Amino acid sequence: MRYTQYLLPTLKENPADAEVISHQLMMRAGMIRKVAAGIYSYLPFGLRSIRKMEQIVREEMDRAGAIECLMPMANPAELWQESGRWEKYGKELLRFKDRKETEFCMGPTHEEVVTDIIRNTVKSYKQLPLNLYQIQTKFRDEIRPRFGLMRGREFIMKDAYSFDLDDEGAAASYQKMYQAYRNIFQRCGLKFRSVEADSGAIGGSSSHEFMVLAESGEDAIVSCSGCEYAANVEKAEVLPPQAVEVVNGEPTKVETPECRSIEEVAEFLQRPSAQLVKTLIVETDQGACVAVLLRGDHELNEIKLSHVLGCDQIALADDDLVRKVTGAPVGYLGPLGMKLKVVADQALQGMSNFVVGANQVDSHFTGVNLGDFKVEQFADLRQAIVGDPCPRCAGGKFEIWRGIEVGHVFNLGTKYSEAMNATVLDDQGKARALVMGCYGIGIGRTVAAAIEQNHDENGMFLPLPLAPFQALVLIINPKDDTVREAAEAIYQALLDLGVEVLLDDRDERPGIKFKDADLVGIPLRITVGARSLKEGNVELKQRASGELQMLSVDAVAQRVRQLVSAALAAE
RNA sequence: CGGAGCGUAGCGCAGCCUGGUAGCGCGCUUGGUUUGGGACCAAGAUGUCGGAGGUUCGAAUCCUCUCGCUCCGACCA
């Protein structure tokens, strides 16, 4: 491809609305343009990366035995009503009507459609297992789209759905996908972790997320320093504390004027915050209020709590509600005399003579012990933190990373097959609901995550398997016939060798070309200029490492070919 | 959804408070000089000032409504 015949509109300045690096760089490198909030066009250069990602995914899915199909973006409401999600999905589901006033939605995911296909076409266990996948544009009307391709409303996703007769089969399908996902992100050249995840509202027994490690990641994950355990912090298990000997104190009311936060109380009473207990009031989706006790220096994990309470959603009560249900102002709540149901983090079982709020302005109790009030239930309710002991091995400690969720594998069970009556006959001639799994990869998000992980102050350097082009031939001065001819020869040689190459044949000053080259980050740059050409040489620079090499005009194409092959083979 | 802010040339912004000929930088066009890390000189082109309504002799500027976009809010007891 010749630059002068291509569309690669680079920007010198960052667009005002781009917050994160990948968004800024994808805009500046002419990969994407915004059309509306969370909705982007993929310009030619960006599309090349997207297509590369898709192809890697496609190859690995095929290799794992999945079969590609393509389902429609427009889904009839009928199917969604059948699964019950037309009501449940909420505002993220973009709904619209056709000219006949029939209701539709833009598919945010395709369990309904795929289940409909399978129930209509698969009748016997002999046709199983099956795994259908597609690479397709999804639409989720996110509350707050942001970060460019990282969290758009319209985005490209690979989604796969497996169908098995029983749980063992489903587990095997799951395992295949898990391995395929590891292969995919490995091939992309990304630093990632696969972590245990909460399966969220979708339900199901097991779930793993694939996280690309990056500072800007929206998720926090823990991994063990000593073993393979890794989990989303939402899910990360915390071990119960060591039992302590309870030294029986007597609850004593103390004045704590103007001390509302844990820090203020700890400071005022001259105690570490780990000797304080905080009381949070949580409102469940059923409208009930519950008091939650946590050690002062710990933080609530709402996901864990919602599981314990058996509800989908919980929210911290606002100040007014707190006062209404406890009679006390925020900052001075405590379990003594609490009328609400009380649940406590298991860490309290390792505490004695702690401090709690007195349900009265400017007052706390010291010397409080578990026997002094009633706790409905103790459970693991807190957020894991750095240094927590590993729940799976002895001696391992938690490390915490930030990650970008690029893939998620779920075991769905029979939730959809039962709701939609997708059954096959087993070898006894009995109808059985299919056991399903679903498996997603955010295509655009993975490319964005790769940029988050691979950039410097001058621009991006996507790993070669994802880069739009593999090599760039940069002509310092296209008006110099000798230089231009040498560059053209190299360009042609690379094309003949099957290398994806961009020829920067623009009549621009060298500075501009170098800046653009760094910005767009094509992995291998061949600079052809009069200076080195005098010795019959050109310069080969690797964008990511900065490694520089002088090579003869005749040798450079072969060398590039080798480097490309090596990079693609390093799986 | 709550809170804050922004819509002025392709991009980044000033002008608005205090109403009176719409500006700057980059980019773009033409000519010339330059040419191994975002050059210089000269001459140009480009705007429904997001939209609608109002106040006024006069509105980018003041008022009302509206649309779009961005940021913050999900741990604080």
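**Domains of chain A and the surface near RNA strand B**

Colleague: Into which domains is chain A divided in this predicted model?
Modeller: The automatic or database assignment splits chain A into three parts. Domain 2 covers 252–379 and domain 3 covers 469–569, while domain 1 is made of two segments, 9–236 + 400–451.

Colleague: How many Å separate the centres of domain 2 and domain 3?
Modeller: For scale, the C-alpha atoms of chain A fill a box of roughly 95 × 70 × 50 Å along the principal axes. Taken over C-alpha atoms, the distance between the centres of domain 2 and domain 3 is 65 Å.

Colleague: What percentage of the contacts in chain A between residues at least 6 apart in sequence join residues at least 24 apart?
Modeller: The secondary structure of chain A comprises 15 helices and 31 strands, and buried residues account for 42% of its 571 residues. Among the contacts between residues at least 6 apart in sequence, the share that joins residues at least 24 apart is 70%.

Colleague: Which element gives the most residues to the surface near RNA strand B?
Modeller: Strand 14 (277–284), helix 13 (510–520) and helix 14 (530–533) each contribute at least two residues to that surface. With eight residues, the element that gives the most is helix 13.

Colleague: Which residues come nearest to RNA strand B?
Modeller: The surface near RNA strand B holds 21 nonpolar, twelve polar and 17 charged residues. Of the 50 residues around RNA strand B, each with its C-beta atom within 6 Å of the strand, those that come nearest are A16, L316, G511, F514 and G529.

Technical notes. Residues numbered from 1 in each chain as written. Chains lettered and ligands numbered in written order. Predicted model: local features only at pLDDT ≥ 70, side-chain atom pairs only at ≥ 80, totals over all residues. Helix = DSSP H or I, 4+ residues; strand = E, 2+ residues; numbered from the N terminus. Nonpolar A, V, L, I, M, F, W, Y, C, P; charged D, E, K, R; others polar. Buried ≥ 20, exposed ≤ 12 C-beta atoms within 10 Å, placed from the backbone. Contact = placed C-beta atoms within 7 Å.
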